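Got your viewer open and a selection box ready? Then let's take a walk through this one, stop by stop.

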Amino acid sequence: MKPIEKSIWQSPIKTILLSGFIAGSLDILSAFLVYVIVLNKTTAANILKGIASGIFHAKAFTGGTMMAFCGLLFHFIIAFCFAIFYFLIYRHIPFLQKQKIINGLLYGIFVWCVMNLLVLPIVFSRPVTFKLDPFLIGAPILMVMIGLPISIITNKYYSLKNANKKII
């Protein structure tokens, strides 16, 4: 292992930052690909402004580039929160340590549920609803783009940490 690569896996903070950054990047790029290019429903700026509207409400859509930037910032803060949470619970739940792929996919479903059944209804003061179409689009994105990278990166950190303990 190269020295720089090794230092990433020796630091919980660097590991969390890496998993949050990769997951957040993959997720937002997937949202752009699906909703802007494939479905042609909106623009990348409007996706980001929609995220910013959780804090700034309707003003987010008239705020220009700064609101899009705020939306991107909020998006990454949320991704880092999910990375931190998984990192912290990983060592306390033995099941997470056994099946990193399955657990990553399940974590993506958990992220979808938290965001769509808890966070968004609270932030936007709307009732909790479940619609199949948004779930069938959003959940797979979160499973693959958020859950998997967070699970795989967290698993690598703890696997290397445990391997180093066995050597000593």
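What follows is a short tour from the whole chain down to single residues.

**Stop 1: the whole thing**

Before you click anything, keep in mind that this is a predicted model. Colour by secondary structure and you should find six helices and zero strands. Read from start to end, the pattern is α-α-α-α-α-α. Zoom out: along the principal axes, the C-alpha atoms fill a box of roughly 60 × 30 × 30 Å.

Now switch on the surface. The accessible area comes to about 10000 Å², and carbon and sulfur atoms own 73% of it. Of the 168 residues, 36% are buried. If you like contact maps, look at pairs with a separation of 6 or more: 61% of those contacts join residues 24 or more positions apart.

**Stop 2: the largest pocket**

Next, select Ile51, Met115, Asn116, Leu120 and Arg126, which lie nearest the centre of the largest pocket. How much space lies in that pocket? About 1300 Å³. Its lining takes in 37 residues.

To see who supplies that lining, show helix H2 (12-38), helix H3 (44-56), helix H4 (65-90), H5 and helix H6 (132-167); each of them gives at least two residues. Which helix makes the largest share of the lining? That would be H5, with eight residues.

**Stop 3: a nonpolar patch**

Stay with H5, which covers residues 100-123, and pick out Leu117. Add Val128, Phe130, Leu132 and Leu136 to the selection, and you have a nonpolar patch on the surface. Together these residues show about 470 Å² of accessible area. Leu117 itself is partly exposed, at 31% relative accessible area. That is enough to qualify because patch residues need over 30%.

**Stop 4: Tyr90**

Select Tyr90, in helix H4. Is Tyr90 buried or exposed? It is buried, because its relative accessibility is 3% and the cut-off for buried is under 20%.

Now bring up its neighbours. Leaving aside residues up to four places away in sequence, Tyr90 touches Leu96, Gln97, Thr154, Asn155 and Tyr158. Draw a C-alpha to C-alpha distance from Tyr90 to Thr154 and you should get 7.7 Å, although the two are 64 residues apart in sequence.

**Stop 5: Pro12**

Jump to Pro12, in helix H2. At 33% relative accessibility, Pro12 is partly exposed. Which residues does Pro12 touch, not counting those up to four places away in sequence? Phe87 and Tyr157. For another long reach along the chain, try Asn162: it is 150 residues from Pro12 in sequence, with 13 Å between their C-alpha atoms.

**Stop 6: two loops with positive phi**

Finish in the loops. Asn40 sits between H2 and H3, and its phi is near 50°, a positive value in a residue other than glycine. With a relative accessibility of 62%, Asn40 is exposed.

Then hop to Ser125, in the loop between H5 and H6. Here phi is near 45°, again positive in a residue other than glycine. Ser125 is exposed too, with a relative accessible area of 67%. Both residues count as exposed because the cut-off is over 50%.

How values were computed:
Residues numbered from 1 in each chain as written. Predicted model: local features only at pLDDT ≥ 70, side-chain atom pairs only at ≥ 80, totals over all residues. Heavy atoms only, no water. Helix = DSSP H or I, 4+ residues; strand = E, 2+ residues; numbered from the N terminus. Buried < 20%, exposed > 50% of the residue type's maximum accessible area, 1.4 Å probe, protein only. Contact = heavy atoms within 4.5 Å. Areas by Shrake-Rupley, 256 points an atom, 1.4 Å probe, with all protein chains shown as cover. Patch = residues over 30% accessible without salt bridge, like charges linked within 9 Å, V, L, I, M, F, W, Y side chains within 5 Å. Salt bridge = Lys/Arg side-chain N within 4 Å of Asp/Glu carboxyl O. 1 Å grid on protein atoms, 1.4 Å probe; cavity = no way out; pocket = protein on both sides within 12 Å on 5 of 7 lines; lining within 4 Å. Points joined across faces, edges and corners; volume = space filled by probe spheres on them.
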